[in-house]
Amino acid sequence: GATAERSAELASLAGAVTGCTRCRLCEGRTQVVFGSGNADADLMFIGEGPGAEEDRRGLPFVGAAGELLTRIIQAIEMSREEVYIANVVKCRPPGNRDPQPDEVAACRGYLERQIALVQPRAIVALGRIAAQTLLGTDLPIGRMRGQWFRSQGVPTMVTYHPAALLRNSALKRPTWEDMQQVRDFLRSGSLRSP
């Protein structure tokens, strides 16, 4: 069926990305972190880039921020297996620095293809880099969060990156409010503005 076909296309894209040398990030990686989850997901999370643990294991969001993301997903009564998780850049930036614009640009086609293949009903952009990349804006995260935008035609909610919540617990409440909007949209199919 269509889901099997999509899974196969995602797998073949993942295979192609494994050998990618489009930007300098390929020089320092242990492995590419393509994405993981359900090829038929209603909800897709997009973060910034892999960290040390992700680079080691080849999976997105497996460190401390990943554990928090799992809890955030569970809080809206979903499981990690139901969603699809990816990052803007697929290779770890050295020292976890922000990915640079040319690195983001080099990797962008892969992300766009992932979104097109998964065809989620909604996207959650985790943090400033993901939001700015998906929405083509340079607005600060505080101005974007809690609002619906569209990315490739898909309703996209901007919220804080789980790593930011680990550093600043005051961000947990607004993130929870953002995620409730996502949950309500997935249940009802209609967008409500705050």
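1. Helices here are DSSP runs of at least four residues, numbered from the N terminus. With that in hand, a good place to begin is R183, which lies in helix α8, residues 172-188. Please keep in mind throughout that this is a predicted model.

2. Is R183 buried or exposed? Its relative accessible area is 16%, and buried means under 20%, so R183 counts as buried. Setting aside neighbours within four places in sequence, R183 is in contact with I76, E77 and W176.

3. One of those contacts, E77, deserves a second look. E77 lies in the loop between α3 and β3, and its relative accessibility of 58% makes it exposed. Its phi is near 60 degrees, a positive value in a residue other than glycine.

4. Q119 makes a good companion to that point. This residue is not a glycine either, yet it has a positive phi of about 50 degrees. Q119 sits in the loop between α4 and β4, and at 52% relative accessibility it counts as exposed.

5. Now to the start of the chain. Helix α1 covers residues 2-18, 17 residues in total, and spans 24 Å from its first C-alpha to its last, close to the 24 Å expected at 1.5 Å a residue. Which residues of α1 are buried? They are R6, L10, L13, A14 and V17. These residues lie on the same side of α1, because they cover an arc of only 105 degrees around the axis. As a reminder, an α-helix has 3.6 residues a turn, so residues three or four places apart point the same way.

6. The two sides of α1 can be read together. On the other side of the helix, E5, S12 and A16 are exposed. The buried residues, for their part, are covered by elements that include β3 (84-87) and α4 (101-118).

7. Helix α4 comes up again among the salt bridges, of which the structure holds 14. One of them joins the side chains of R24 and E103, at 2.6 Å from N to O. This pair links distant parts of the chain: R24 is in the loop between α1 and β1 (36-37), E103 is in helix α4, and 79 residues separate them. How accessible is R24? R24 is partly exposed, with a relative accessible area of 36%, whereas E103 is buried at 0% relative accessibility. The two also belong to a network of salt bridges that links R24, R97, D102 and E103.

8. A second salt bridge forms between R121 and D42, whose closest N and O atoms are 3.8 Å apart. Here too the pair links distant parts of the chain, with R121 in the loop between α4 and β4 (122-126) and D42 in the loop between β1 and β2 (43-47), 79 residues apart. R121 is partly exposed, with a relative accessible area of 31%, and D42 is partly exposed at 37% relative accessibility.

9. A third example is the salt bridge of R128 with D98, where the closest N and O atoms are 2.8 Å apart. R128 lies in helix α5 (residues 128-135) and D98 in the loop between β3 and α4, so this bridge ties together parts that are 30 residues apart in sequence. R128 counts as partly exposed at 36% relative accessibility, and D98 counts as partly exposed at 35%.

10. Next, the open space. The largest pocket holds about 530 Å³ of space. Its lining is made of 24 residues, and E48, G49, H161, A163 and R167 lie nearest its centre. Which elements supply at least two residues each to this lining? They are α2 (52-57), α3 (64-75), α5 and α7 (162-167). Helix α7 gives the most, with three residues.

11. Last, the enclosed space. The structure holds one cavity of 30 Å³ or more, and the largest cavity has a volume of about 120 Å³. It is lined by 15 residues, and C20, C23, C91, C107 and Y110 are the closest to its centre. Which helix provides the largest share of this lining? Helix α4 does, with four residues. When you look through the model, α4 is thus worth following from one point to the next: α4 helps to cover the buried residues of α1, and E103 in helix α4 pairs with R24.

Terms used
Residues numbered from 1 in each chain as written. Predicted model: local features only at pLDDT ≥ 70, side-chain atom pairs only at ≥ 80, totals over all residues. Heavy atoms only, no water. Expected span 1.5 Å × (residues − 1). Buried < 20%, exposed > 50% of the residue type's maximum accessible area, 1.4 Å probe, protein only. Arc of directions from axis to C-beta. Contact = heavy atoms within 4.5 Å. Salt bridge = Lys/Arg side-chain N within 4 Å of Asp/Glu carboxyl O. 1 Å grid on protein atoms, 1.4 Å probe; cavity = no way out; pocket = protein on both sides within 12 Å on 5 of 7 lines; lining within 4 Å. Points joined across faces, edges and corners; volume = space filled by probe spheres on them.
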